[in-house]
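Biologist: Before we discuss any details, could you put the model on the screen, so that we can go through it together?

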Amino acid sequence: MTEELLERFTRQYIESQSVPEVTFAWQGGEPTLMGLDFFEMALQLQKRYQHRGLTINNTFQTNGILLNDEWCRFFREQNFLIGISIDGPSHLHDVYRVDRRNHPTFKRVMRGVELLKKHEVEFNTLTCIHAANSDYPLEVYRFLRDEVQSHFMQFIPVVLRDNETGFQRGETITEHSVGVTQFGHFLKAIFDEWVRRDVGRVFVQTFDAALAAWVGQAPGVCIFAKTCGTAMVLEHNGDLYSCDHFVEPDYLLGNIIETELAVLVDSTKQIHFGLAKRDTLPRYCQECQVRFVCNGGCPKNRIRHTPDGEPGLNYLCEGYQAFFKHIAPQMEFMAGELAAGGHPANVMVAVARQDAEFQRKLAMAGRNDPCPCGSGRKFKHCHGRLTRHETMPDS
């Protein structure tokens, strides 16, 4: 992006806002490749067009490989919020996160994390869930929590179709992608640990969005909103697209050199794009009991057919359904706590009591008794086959 275009964007972006805070979100590719001088210039331009009473924030998503003391001092001084892309411990991260010479990157990413800590830069983690790490939810979560010391986590399901990098989207899902139900299983496993020990200490974006839905608020993340269209992307040449998942000719809104940003954002084309998420939702989804929290998920993944043959079902639907039904009791409890002026973390005490009662019932069960978990099987064929520390109830 040229300095001229950067200035044009900065001015238009600030002028188009009617809120007291504006956030510039820097992504790529890899934004550190632009060099520190570019972002120093960006901040100068922000200050040039900043008006009285306006707060300007900056977020920065990076793979962390090029971070050094100079970058981290800059981030700290300018109060940047950094997102680090890391997919788990080395044997999981390095499967797909390699450099252009096919060399592993884990050690360099962790070096960047340590530099952020050294300079007390606020950061969160973004973890892609794919074929390599989707079967290791607790290993990934505990690594992020205990070794990376991330207190804010995003888990992004990788769903790639053949030819996805081109303009013709295929229907075949690549071998790198997460499975239809795997992401739901991944989230369930993490939730079961989180709800027992980490509520109020670790924040997981999907869990936060779910709780927002249970208390009747906006989810705070576009994939679970009723409509979309607020996550547009500006390319280096000034082209503005409807969404960063749809950087394709059909979704080009225009160029901010030729048309003001605010005009493109409010265009009929973009409004229709955002409403289409709600208006094209299959009947199967409209009648789903967890629609209030899912809302069909991200449109880019709505590539399957419903059981009755209607198009537009999310590839991850089955996993999402299982996950949201799984967490419903705890979400209802936390929503009740908030309504009563309490704290959601109280759920950990309630779950501990439930676990203790379940263990008591297991201890009293005879081999041929129905299993206390309610599976309908005899105890000896169900939880009776497990060791005591493995016999936690389904949440």
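Modeller: This is a predicted model, and a good place to begin is strand E3, in which four of the five residues are buried, so that the strand is largely enclosed by the rest of the structure.

Biologist: Which strands are joined to E3 by bridges, and in which direction do they run?
Modeller: On one side, strand E2 (residues 55–62) is joined to E3 by four bridges, and within this pairing Phe 60 stands opposite Ile 82. Four bridges also join E3 to E4, where Ile 84 of E3 faces Thr 125. The strands joined to E3 are therefore E2 and E4, and in each pairing the direction is parallel.

Biologist: What is the handedness of the β-α-β unit that E2, H3 and E3 make?
Modeller: The two strands of this unit, E2 and E3, run parallel, and helix H3 belongs to the unit together with them. The handedness of the unit formed by E2, H3 and E3 is right-handed.

Biologist: Against which elements do the buried residues of H5 pack?
Modeller: Helix H5 covers residues 106–118 and reaches 18 Å from its first C-alpha to its last, close to the 18 Å expected. Its buried residues include Phe 106, Val 109, Met 110 and Leu 116. These buried residues pack against helix H3 (69–77), strand E3 (81–85), helix H4 (90–93), strand E4 (123–129) and helix H6 (137–148).

Biologist: Which residue with a positive phi follows H5?
Modeller: The helix itself ends at residue 118. The residue that follows H5 has a phi near 55 degrees, and this residue is Glu 120.

Biologist: Which helices are included in what covers the buried residues of H14?
Modeller: Helix H14 has 18 residues, which at 1.5 Å a residue should span 26 Å, and its end C-alpha atoms are 26 Å apart, in agreement. Among its buried residues are Val 347, Asp 355, Phe 358 and Gln 359. The cover over the buried residues of H14 includes helix H7 (182–197) and helix H13 (317–339).

Biologist: What is the radius of gyration of the protein chain, and what does the globule rule give?
Modeller: The protein chain holds 14 helices and 11 strands. It is as compact as a globular protein of its length, because its radius of gyration is close to the value from the globule rule for 395 residues: 23 Å for the chain and 21 Å from the rule.

Technical notes. Residues numbered from 1 in each chain as written. Predicted model: local features only at pLDDT ≥ 70, side-chain atom pairs only at ≥ 80, totals over all residues. Heavy atoms only, no water. Expected span 1.5 Å × (residues − 1). Buried < 20%, exposed > 50% of the residue type's maximum accessible area, 1.4 Å probe, protein only. Contact = heavy atoms within 4.5 Å. Pairing = 2+ DSSP bridges. Right-handed = clockwise from strand over helix to strand, strands pointing away. Rg over C-alpha atoms; globule rule 2.2 N^0.38 Å.
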